[in-house]
Every structure is written in structure tokens, then in C-alpha cells.
Amino acid sequence: MSKTMKRLCTFLLALCMAVSLFSTAILADENDWDNPCASAAYSDVIKTMWYHQAVDYVLKNNIMTGTSAAPLMFSPNVAVSRAMAVQVLFALAGKPIGFPDPGFTDLSQDWYKDAVYWAVYYKITAGVGDGRFAPAQDVTREQMAVIFKKAAEYVRIDTSKRGDLNKYSDAGSTSYWAREAMQWAIAVGLLTGTSATTLEPQATLSRAQLAQMLYRFHSGAIGVPGPASIIGIEATYTGNTAHGTVLDKNNPGINVAAVYNDGHTTAVQDWNILVPVTLVAGETAKVTIFSGAMQCDLEVPCTTNPGELYKPTCTAVTYSNLVNNVSAFLAKPVKISGRIFSNPGLGTDVVLYMICEGTESKKVKLNVSYQAGDKPMKINDEVTVYGDYRGMDGSYPSITVRYYDIDQSAEGPGEDISR
């Protein structure tokens, strides 16, 4: 049983569950086959009719429900409206919101508006002209074929297969815009003729016909298993990774998708971040994304080098500045250049001395904590250090080094490095 047909079945199942105007609970358990006829209690389901087996099946599997409880009725001849058709596909997609209003003038009821916005945005359906959507208009067999084909394409199902319409005497009444969809629906068994020689593409789609289509797919009669289901959500990031970028609902770089148990994914628009996070240079931010009852974490590393932010804050100083103006620079970021004089030895936390202005009497004490990946400074390296001035340590000005550059052009074994 192919993954492609699983996805298509998902849409068929969802459509069946939404076509009733007044839903009633189905008493038969999905796996309870003790009662051989689940539709026996429905006053308008006739056992000798062509749809009886299909209606029995969808009722027993809780796929479709009745249209009224007293008396219990299935309404096999009731037509499916355009609003109901898009609403069920919308629910299947997770009811994502936030899509633009397409501007139809006849969307008078709130229960289907978001569904219409979504379906039009993804080109699953469109208006009927004159700025109208016609939500109450009955859906024809050819219209439903078009809707299902576009819905199948929305989840990347191959819809290239084509059946022969010419074997039906009324194939010519198929609208030009629905011809490919009808050929596809016939080819995959979604639709069959209403007789051996007629297709009736302009006829309205009834609940009984819908039950029959569902039975063909869901029962596995043509090799199609039950529906795929959402097992979680996932998020990816394609946006700005600079320091100060905020990860929140308004960040266009965050992409959220629903993950199904058959492996495919669909975009999710209805998601939120309760606690926004700001990217910090040199760190990886973690934010939690929610969609309904599901959630996932998104980690985004900041690509800004922390030194790019710190170095511009450092004041260029000389040895004399540090010795003669301690209070002016104490605990402030400073920048000074010189040559490493002492061998710092091994370890991650070291103390070494730097000669300034080429004079050994002008030594600055450097307190360095190396990080993973740093190239240690060595004796005779010409360096520029950036750090916080700690004042005088005995007879030496002392700096806690945060970043340093090693001059490659100077004598010595060092190389340029920033951290």
C-alpha cells in the first residue's frame, strides 16, 4: 500500500466526517462487528440500495455520522456544500490561521471563513466569480474531483495518472477546467460512472456517493489503508542569526511543519512562542514553539563573534595611561599592543607579561583564560589585547584579557586569532 494513497485517503476521511450539518454520535464501536448492519437503525438507509454496504462501513468505522438523531437519519441524498468541503480539508491541515482575506463578499458565517482563506491561499479552491465564493452552493462531481486533486497536490501526491473519459457517453459535458481532474479521479478509482455509460460530471455529489468513495479507499478494496495522522511538529530556521535578533511569532525565518506518521509534512501557520528569546553573540538560543497541544524546541546559534561587539568598546591606551591614570581606566575595557615577554607555560588559565613600546621596564601583566580552539600566545609574539583593566598589581598594570590578535607580519611563531 503506497504512501501516496495514504495521503489521499487522509483527505477523503476528513471530508466524510465533516459533511453532516448536524452530527450525532455513532453507537457502534469501530471494531464491533457483532451487529452485521450498522445502518439498520437509520430510517432512510435502504438495504437494497447500491450504497448500503458503503454506508454501513462508514458508520461502523465512525467515519460519517447521521444528520439527525430523532429520527435517526443518514440523509444519503443530501448534497455537500462548498463550505463543508473546504472546512473538512482545513481541519485536516490542523486549522492553520493567519491567511489573507481573499475579499469574497458572501462569507457570512464565521465557521467556514478561516477554511476558505486557507483553501484559496493554497489554491485548493477558488471563487465562482463576481467576488463570490458561494459557500452554500452544492458541489458537483467534477468540482469535487478538482478539489481532491488540488488537495492531493498540496501534500505532494502524484496526480499524473489519467483515465479514459471517452467510454462515457456524456464525457463531453465535463467542463474544460475539470477534465484532467476527472481523468485522474477515474484513473485512481476516486470516482466511477453513475452507470456503465454515464459519468454525470455536472451532477451534485451526494452523501451516499461520498460514502461509496470512502468505502473504496478506506476498506483497502483498491489497496489503500487507513488515514495518516499527525504525530508532532518540527521547526526550522532560515532567518537572521545576528546578535540581538528576536525569536518570536513575528520572526519570518521560523518555519513550522506538522509531521505525519507516514513521513510527509505540511506547513503550519497556527503556532506561537510564549517566551521569546534574543540571540546573544557566541551563544546558541533555544526557544519552544507551541501549536495546539503539540510543541517542539528550536535551537538557533548566533553567528556574531562576541569580539565584534566587545572590541569597539575598548579604549586604546599606553603603558603610561595605565600607570598614571588608574582611576580613569579602572574596570573599563582597554586596548593595548606589545610583545609577549615571558613563557606562559601550560594550562587554560595563565599569567604572562607583555612589553610595551619595546622597553622591558614597561611590562603589563596579562591574565588569560583560553577557550577551546584558541591558539595560545607565545614568547616574542606581537599582540594586541582587549580586556578589562584591573588596576596595579604590585608594580605592574594588570588586564583581564577577553580577546587578542596576534600579528602574523611580526617576528615570532604566532598567527592572527580572535576570540
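This dialogue reads a few local features of a predicted model.

Me: Let me start with a helix. What span should the 14 residues of α5 have?

Reply: An α-helix has 3.6 residues a turn, so residues three or four places apart point the same way. Now the case here. Helix α5 covers residues 141–154, and at 1.5 Å a residue it should span 20 Å. Its end C-alpha atoms are 20 Å apart, which agrees.

Me: Is α5 mostly covered or mostly open, and how many of its residues are buried?

Reply: Mostly covered: twelve of the 14 residues of α5 are buried. Among them are charged and polar names such as R141, E142, Q143 and K149. The buried set also includes M144, V146, I147, F148 and Y154.

Me: Next, aromatic rings. How many aromatic pairs does a search of the whole structure find?

Reply: A pair of aromatic rings is described by the distance of the centres and the angle of the planes. The search of the whole structure finds ten aromatic pairs. Take F99 and Y122 as one of them: their centres are 5.5 Å apart, with 65° between the planes. That pair is edge-to-face, because planes over 60 degrees apart count as such.

Me: Where do F99 and Y122 lie?

Reply: F99 is in the loop between α3 (82–92) and α4 (110–121). Y122 is in the loop between α4 and α5. The pair therefore ties together parts that are 23 residues apart in sequence.

Me: Are F99 and Y122 buried or exposed?

Reply: F99 counts as buried, at 9% relative accessibility. Y122 is partly exposed, with a relative accessible area of 24%. Y122 has another partner, Y121: the ring centres are 5.1 Å apart and the planes are at 90°, so this pair is edge-to-face too. Y121 is partly exposed, at 43% relative accessible area.

Me: Which residues form one aromatic cluster with F99?

Reply: W118, Y121 and Y122 join F99 in one cluster.

Me: What lies over the face of F74, and what over the face of W271?

Reply: R207 lies over the face of F74, at 4.4 Å from the ring centre. For W271, the residue over the face is K249, at 4.1 Å from the ring centre.

Me: Now the surface. Which residues make the nonpolar patch of about 310 Å²?

Reply: I46, M49 and W50 make that patch. I46 sits in the loop between α1 (3–18) and α2 (52–60). With a relative accessible area of 45%, I46 is partly exposed.

Me: Last, salt bridges. How many are found in the whole structure?

Reply: Seven. In one, E357 meets K362, and the closest N and O atoms are 2.6 Å apart. Both ends are partly exposed: E357 at 47% relative accessibility, K362 at 22%.

Me: Which parts does the salt bridge of K365 and D393 tie together?

Reply: The two side chains meet at 2.5 Å, N to O. K365 is in strand β13 (residues 359–369) and D393 in strand β14 (residues 382–393), so the bridge ties together parts 28 residues apart in sequence. K365 is buried, at 15% relative accessible area. D393 is partly exposed, at 35%.

Me: And what of R402 and D388?

Reply: Their side chains form a salt bridge of 2.7 Å, N to O. R402 lies in strand β15 (residues 396–406) and D388 in strand β14, so the parts tied together are 14 residues apart in sequence. R402 counts as partly exposed, at 40% relative accessibility. D388 counts as buried, at 18%.

Technical notes: Residues are numbered from 1 along each chain as its sequence is written. This is a predicted model: local features need pLDDT of at least 70, side-chain atom pairs count only at pLDDT 80 or more; totals for chains, interfaces and linings use all residues. Side-chain values use heavy atoms; hydrogens and water are left out. Helices (H or I, at least four residues) and strands (E, at least two) are DSSP runs, numbered from the N terminus. The expected span of a helix is 1.5 Å times one less than its number of residues. Buried means under 20% relative accessible area, exposed over 50%, partly exposed in between (1.4 Å probe, protein chains only). Rings of Phe, Tyr and Trp (its six-membered ring) pair if their centres lie within 6.5 Å; planes under 30 degrees apart count as stacked, over 60 as edge-to-face and the rest as tilted. A charge sits over a ring if NZ of Lys or CZ of Arg is within 6 Å of the ring centre and within 35 degrees of the ring normal. Patches are made of residues with over 30% relative accessible area and no salt bridge: like charges are joined within 9 Å, nonpolar side chains (Val, Leu, Ile, Met, Phe, Trp, Tyr) within 5 Å. Accessible areas come from the Shrake-Rupley method with a 1.4 Å probe; for residues, only the protein chains shown count as cover. A salt bridge is a side-chain nitrogen of Lys or Arg within 4 Å of a carboxyl oxygen of Asp or Glu.
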